[in-house]
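Here is a set of questions about how the labels on a structure are earned. Each answer sets a value beside a rule.

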Amino acid sequence: MDIASHLNRKKININPLLFWVLGLFCTFIGYILTRFYFLAANSGYYVSEPAGDVILALIHGLRFDLSAIALLNAPLLLLLFVSIWFRVLLATNMKLIFCYLFVVNVSAVVINFIDTVYFPYTGRRSGPEVFSMANDVVSQLPELIFVYWWYLLGTVLIYWIYFAIFRKVIRRLPAVCLNWFVVVLVLIILAFLLILAGRGGFQSKPIRALNAYSYPSSSLGSLVLNTPFSILKEDAEKLERVHYFESEDDIKKVLDNSKSADVTVNKDSSPITKQNVVILILESFGLEYFGPPYGLKPYTPFIQELAEKGRFFPNGIANGRRSIEAVPSILAGIPSLMPEAYMRSPYQSNTAYGLGEIVKQYGYSTAFFHGAKNGSMYFDSTTYRFGFDKYFGQDQYPDQSQFDGQWGIFDEPFLQFAVDELDKLPKPFMSGIFTISSHPPYTLPEQYQDAIPDGEIPMHRVVRYSDMALRKFFESAARKDWYKDTLFVLTADHTSDNFDPRFASSLGRHQIPIILYQPDNNIEQGVLDEVAQQIDIPATIIDYLNLPEKDKILPFGRSLLTRNNQADAVIKEEDAYWLISQGKYVKLSMDESVPVKTGDLPDTFIKPEHQAKSVDLVQLERRLKAYIQIYTNGLIDNSLYSFSPKNTQ
């Protein structure tokens, strides 16, 4: 008998292929269900989106679900290409597929499910950066399980359901044998379908995360995506050089009339102002929590009182959406325009001048306070990196009975501790203080459980508590002899839960208050309708102290002590770069095929009183591209400071 006749008579058991395909189908259903759960859990995020667009986003998301499943399962199909021909390996193949589906595919469904709880803090699906957060997660695992116990229960339930389904299928699957030629054809078809699904269709290039933001609208990109796809396809560490302008001189010409040219840091010959500085970073204090004319109801009465006494920028912008992004922005003027946070990127070792480092050479003592566990979000290492000599976290707090059960020490006692420690510092001093209590799981000290009323959402109650704690901080500080010689800068790290649907927009979720308050009234007070951003704070403080350090100011920020009706803010949202200026926005997608979008700022912004009748949107686009080129190429070349005000004036 010849070989051809023998092969034609031989039948191949394809049960491993059938089991695998059924497993992929069950995985696909899991992706769909977790996407619906994601939408339900974060419905407030999409409250302003048309229902038709939401439906289209769910449908478009199927493309990304299939791609993620294909990418994860390609190795298993390659193995089956070799092993399915050997009858002796039948039982081994079935067990291998069972384990692979259970460990890899079901875990991907679980990741999709769990990321739902993290999304409100970042406004985006998690990518490769989550692996750098492993230490934070492990250190807080008992508290996280206690607070989000239903996610643990849901995870166990998902694994149990899939285990039961796979076990039932593998036991009841009838033996199916096919001719070897048909098996080869089936394998080729499966490989073709897997490649097609993995690349997302027949288009010239495989889909990427940014394709999710192109249809049906960029604001629904996170609903289109799934977390396994983001982890597999995003490259958090790679920046690609951009070439919007031929030379540095061309960039400087574009920025000549922008805010970087208006950073009027006092002349080197001016006397240095030996005033103290306290930077208060308020956890999740969005402008939405202010009362009219900003938010719907007042949940921060004390901060609003302070705003009326100081220099208040209601058009304040958070340059990022995460706490770890806020600290480099506020302390060093570094915007967050990468998928990865600066302090978790390969560029963290680049030249960067933090405020602590700058002021120390002028005789300042420096300290940073954060009531969370030491090491949380790398804040201790980050603040040391930016020149702060002392760090006070939960480990340094003397009474651990004030622990909130998850994050750290409640705001009221920790802020009082900060006042006492500030009093011990040699004068002048610079300090940063980061609050923690206005954060899920919305925990209050026992003595305030009945004293602080509920709001419309759970976040309102803890915001009221932190506002009260801040009032008591200022009352205690006012009794210190250094109080009147101190500039207080108040801002937020980012926004949080939306109740007011007007703020449930891409730009509204970046709106925070920025307040400069000096008790001795030696700065101009008032409500300013200019755009301000976190990265303006270093230039503002250097200006206030009259420090001759213009070469240590990045070109993205400006002094908030100087009026500038053309002030800018830059952010990255929806896989696009945004410039906010003069009542307008420019949106530049990272997908070069998507046209530039411009428009008016939402009604949540205070409209400039002295705005020019016409705004040159082309010039705004050029400024945005100048900032992107400076930022991207500057990080790659470690040359950000070549565009500092000293080098552009």
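Buried means under 20% relative accessible area, exposed means over 50%, and partly exposed lies in between, with a 1.4 Å probe and protein chains only. Helices (H or I, at least four residues) and strands (E, at least two) are DSSP runs, numbered from the N terminus. The model is predicted, so local features need pLDDT of at least 70 and side-chain atom pairs count only at pLDDT 80 or more, while totals for chains, interfaces and linings use all residues. Residues are numbered from 1 along each chain as its sequence is written, and side-chain values use heavy atoms, with hydrogens and water left out.

Q: What makes helix H17 largely enclosed by the rest of the structure?
A: Of its 20 residues, 15 are buried, so H17 is largely enclosed.

Q: How do you know that the length of H17 is close to what is expected?
A: The expected span is 1.5 Å times one less than the number of residues. H17 (residues 458–477) has 20 residues, for which 28 Å is expected, and its first and last C-alpha atoms are 29 Å apart.

Q: Why is Leu193 called partly exposed?
A: Its relative accessibility is 46%, which falls between the two cut-offs, so Leu193 counts as partly exposed. Leu193 sits in helix H8 (residues 180–199).

Q: What makes S12 and S13 a pair?
A: Two strands pair if DSSP finds at least two bridges between them. S12 and S13 (residues 576–581) have six bridges, in the antiparallel sense. Among the partners, Ala569 is matched with Ile580 in S13, and Asp568 stands opposite Ser581.

Q: How do you know that S13 and S14 pair as well?
A: S13 and strand S14 (residues 584–589) also share six antiparallel bridges. Ser581 stands opposite Lys584 in S14. The two strands form a hairpin with two residues between them, and Gln582 in the turn has a positive phi of about 55°.

Q: Why are S12 and S15 said to stand at the edges of the sheet?
A: The open sheet has the order S12-S13-S14-S15, with antiparallel pairing. Strands S12 (568–573) and S15 (597–600) each have a single partner strand, so one side of each lacks a neighbour in the sheet.

Q: What makes both faces of S13 covered?
A: In a regular strand, side chains alternate between the two faces of the sheet. On one side of S13, Ala576, Trp578 and Ile580 are buried, and on the other Tyr577, Leu579 and Ser581 are buried. Six of the six residues of S13 are buried, so the strand is largely enclosed by the rest of the structure.

Q: Why is the contact of Lys587 and Glu574 called a salt bridge?
A: A salt bridge is a side-chain nitrogen of Lys or Arg within 4 Å of a carboxyl oxygen of Asp or Glu. For Lys587 and Glu574 the N to O distance is 2.8 Å, and the contact is a salt bridge. Lys587 is in strand S14 and Glu574 is in the loop between S12 and S13, 13 residues apart.

Q: How do you know whether Lys587 and Glu574 are buried or exposed?
A: Lys587 has a relative accessible area of 9%, so it is buried. Glu574 has 10%, so it is buried.

Q: What makes Lys552 and Asp551 a salt bridge?
A: Their N to O distance is 3.9 Å, and the side chains meet in a salt bridge. Lys552 is buried at 17% relative accessibility, whereas Asp551 is partly exposed at 28%.
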